[in-house]
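Visitor: I have a few questions about this chain, and I would like to follow the reasoning behind each answer. Could you walk me through the model?

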Amino acid sequence: MRMIYINSGVLLLDLNSLRNDGFREKCTALYEIYKDYLKMPDQCVINKYAENKKLILDKSWNIQIPANLISKDMWESETMGAAIIHFIYDTKPWMKWCNPTIFNFYWEFIQRVGLSNIKPIEITTINHMIALANILDINQSFKESSKLKTDLINLLIKNLSEK
């Protein structure tokens with residue numbers, strides 16, 4: 001039997017049943033047993049607690065998108081009709097090194113709902129620059145990617161020469 005592993009970003013829970021089953025106490029005990037092995041503690045503990053008791057909603061209720069691993073074409077086809085778009089992994093649309101297609105979608109939405117005081121997280125590390133260059137390549141934005149890689153190489157050369 002294949003174990004279903006859920007992402008805890010979007011959950012539909014029967015809270016009365018969980019309370020009656022001692023969910024909090026059982027999750028606390030599971031955490032104590034596995035705490036040294038957990039990568040994502042909330043989700044890992046919930047998955048262990050709910051082993052063989054999970055029901056999965058149709059994927060249109062929670063489309064999971066890896067923001068820096070998906071092309072523009074895939075983004076458009078995967079998110080069509082989605083009720084919730086859930087950005088998984090480390091890169092999120094409020095980070096300037098996110099896939100430009102997703103970044104622009106997100107910030108257009110932020111503006112539409114009147115949250116203009118929220119600002120994106122700036123690119124501050126070499127890893128951010130590399131992540132953006134990689135997603136630009138995936139989206140065949142080779143000219144932009146090449147310029148970013150040139151800027152990155154020049155930055156590294158400058159840092160080396162200063163040492």
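Visitor: Happy to begin with a cysteine: in which helix is Cys-44 found?
Guide: This is a predicted model, so please read every value here as computed from it. Leaving aside neighbours within four places in sequence, Cys-44 is in contact with Tyr-5, Leu-38 and Lys-39. As for the element that holds Cys-44, the answer is helix α3.

Visitor: Is Cys-44 buried or exposed?
Guide: The cut-off for a buried residue is under 20% relative accessible area. Cys-44 has 18%, so this residue counts as buried.

Visitor: How far apart are the C-alpha atoms of Cys-44 and Asn-7?
Guide: Along the chain, these two residues are 37 residues apart. In space, the separation of their C-alpha atoms is 8.7 Å.

Visitor: How many disulfides does the count come to?
Guide: A disulfide needs two cysteine sulfur atoms within 2.5 Å. For Cys-44, the closest cysteine sulfur belongs to Cys-27 and is 12 Å away, which is too far for a bond. The count of disulfides by this rule comes to 0.

Visitor: What is the relative accessible area of Cys-98?
Guide: To be buried, a residue must be under 20%. Cys-98 is buried, because its relative accessible area is 1%.

Visitor: Let's go back to α3. Which residues is Gln-43 in contact with, leaving aside its neighbours within four places in sequence?
Guide: Gln-43 has its place in helix α3, which covers residues 41-49. With 8% relative accessibility, Gln-43 counts as buried. The contacts of Gln-43 beyond those neighbours are Tyr-5, Ile-6, Asn-7 and Ser-8.

Visitor: Now for a strand. Which residues does Ile-63 touch, not counting those up to four places away in sequence?
Guide: Ile-63 is found in strand β1. Its relative accessible area is 5%, so Ile-63 is buried. The residues touched by Ile-63 are Glu-78, Thr-79, Ala-82, Ile-84, Ile-85 and His-86.

Visitor: And what separates the C-alpha atoms of Ile-63 and Asn-7?
Guide: Ile-63 and Asn-7 lie 56 residues apart along the chain. Between their C-alpha atoms, the separation is 11 Å.

Visitor: Is Gln-64 buried, partly exposed or exposed?
Guide: Gln-64 sits in strand β1, residues 63-66. A value between the 20% and 50% cut-offs makes a residue partly exposed. The relative accessible area of Gln-64 is 37%, so Gln-64 is partly exposed.

Visitor: Which residues does Gln-64 touch, again not counting those up to four places away?
Guide: One pair worth a look first is Gln-64 and Thr-79, which are 15 residues apart in sequence and 9.0 Å apart in space, C-alpha to C-alpha. As for what Gln-64 touches, the residues are Asn-7, His-86 and Ile-88.

Visitor: On to the loops. What is phi of Asn-52 near?
Guide: Asn-52 has its place in the loop between α3 and β1. At 65% relative accessibility, it counts as exposed. Its phi is positive, in a residue other than glycine, and near 65 degrees.

Visitor: In which loop is Gln-140 found?
Guide: Gln-140 is a residue other than glycine with a positive phi, near 60 degrees. With 61% relative accessibility, Gln-140 counts as exposed. Its place is the loop between α6 (126-138) and α7 (142-161).

Visitor: Stepping back, in what order do the elements of the chain run?
Guide: The chain has 7 helices and 2 strands. Read from the N terminus on, their order is α-α-α-β-α-β-α-α-α.

Visitor: What radius of gyration does the chain have?
Guide: The C-alpha atoms fill a box of roughly 60 × 45 × 40 Å along the principal axes. For a compact globule of 163 residues, a radius of gyration near 15 Å would be expected, but the chain has 20 Å.

Visitor: What share of the contacts with a separation of 6 or more comes from residues 24 or more positions apart?
Guide: Of the 163 residues in the chain, buried residues make up 32%. Among contacts with a separation of 6 or more, the share from residues 24 or more positions apart is 52%.

Visitor: Last one: how far apart do the centres of the positive and negative side chains lie?
Guide: The chain exposes about 11800 Å², with 57% supplied by carbon and sulfur atoms. There are 20 positive and 18 negative side chains, and the centres of the two sets are separated by 2 Å.

Technical notes: Residues are numbered from 1 along each chain as its sequence is written. This is a predicted model: local features need pLDDT of at least 70, side-chain atom pairs count only at pLDDT 80 or more; totals for chains, interfaces and linings use all residues. Side-chain values use heavy atoms; hydrogens and water are left out. Helices (H or I, at least four residues) and strands (E, at least two) are DSSP runs, numbered from the N terminus. The radius of gyration is taken over C-alpha atoms; the globule rule is 2.2 Å times the number of residues to the power 0.38. Buried means under 20% relative accessible area, exposed over 50%, partly exposed in between (1.4 Å probe, protein chains only). Contact means heavy atoms within 4.5 Å. Accessible areas come from the Shrake-Rupley method with a 1.4 Å probe; for residues, only the protein chains shown count as cover. Lys and Arg count as positive and Asp and Glu as negative; His and the chain ends are not counted. The place of a charge is taken as NZ of Lys, CZ of Arg, CG of Asp or CD of Glu.
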